[in-house]
Amino acid sequence: KDRSKYLIISVTPYTFFSFLLLIAFRKKIFLYLRSDGKKEIEAIYGKILSIIYKTVENFMSIFSDLIVVNELISKKKNYFLVNPSQIDKDWLINSEVIPEKGRIKLLYVGRFKKEKGIYSLINLLSKINKIDKNIYLTLIGQGNRPKTESDNIKFLGPISDKAKLIEQYDLNKIFILPSYTEGHPQVLLESLVRQRPVIVFNEIKHVAKNYNGVFVCERDYSKLIKTINFIDKNYEEIQKNIKVNKYPTKEDFYKQLSKILD
């Protein structure tokens, strides 16, 4: 509403050009950092481009009020911390669906990109399936599908319909997030709200915060299978602990953001 204020939500060549124009016209700028862009760029393009990216981001930070999703993203001392969320009443309805017994069904929702650790996950599951045929993985998203010969791994396209996505969380037993870098992953909240335990790897252990039901594991197939089996054997107790969690909602997030921008 206030045209003297502008919110930049990503660092790209286009937004950097817009940023320079805003400085020239002496506008108030908010820079919203949703993840550690340097780590993402490094995972995709290598270290040199990641350094260039971080240099540009640091320059933009000097002239902006920062909004961040966790304390690790920026070294700048002053910033606004927000808790992004898309959780609304639809996610909270009938959240006590009990998964079927027997097969251990894992779920991944997200892009099929290198930085998301998806290729690493496929490799780990392929090794696990040689030992344990009872563990299955469903991947929902878009991108270059990793090649696999395992019958225990299946791919679904991206799901934008909220009800259908909720159904997929309910059909599976454990959510796994193999990313090498994350800021404030919405899928983690979505899974926990549906009372599904979450496995993440050490690189993003910070996303676990104080949430019950999030398990941090080494990126190793033997450690992963051990974590999966522990969750399976203690599932009911873990679900009870998950119920204690408090989550930010979509409404809470919009109020936070509106207060900052006002």
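Analyst: Start with a definition: buried means under 20% relative accessible area, exposed over 50%, partly exposed in between (1.4 Å probe, protein chains only). This is a predicted model, where local features need pLDDT of at least 70, side-chain atom pairs count only at pLDDT 80 or more, and totals for chains, interfaces and linings use all residues. Residues are numbered from 1 along each chain as its sequence is written, and side-chain values use heavy atoms, without hydrogens and water.

User: Why does Lys75 count as exposed?

Analyst: Its relative accessibility is 85%. The cut-off is over 50%, so Lys75 is exposed. Lys75 sits in the loop between strand 3 (65-68) and strand 4 (80-81). Strands (E, at least two residues) and helices (H or I, at least four) are DSSP runs, numbered from the N terminus.

User: How do you know that the length of helix 10 is close to the expected one?

Analyst: Helix 10 (residues 250-261) has 12 residues and spans 17 Å from first C-alpha to last. The expected span is 1.5 Å times one less than the number of residues. That gives 16 Å, and 17 Å is close to it.

User: What makes the buried residues of helix 10 line one face?

Analyst: Phe253, Leu257 and Ile260 are buried. Seen down the axis, they fall within an arc of 60 degrees, so they line one face. The arc uses directions from the helix axis to the C-beta atoms. An α-helix has 3.6 residues a turn, so residues three or four places apart point the same way. On the other side of helix 10, Glu251, Lys255 and Lys259 are exposed.
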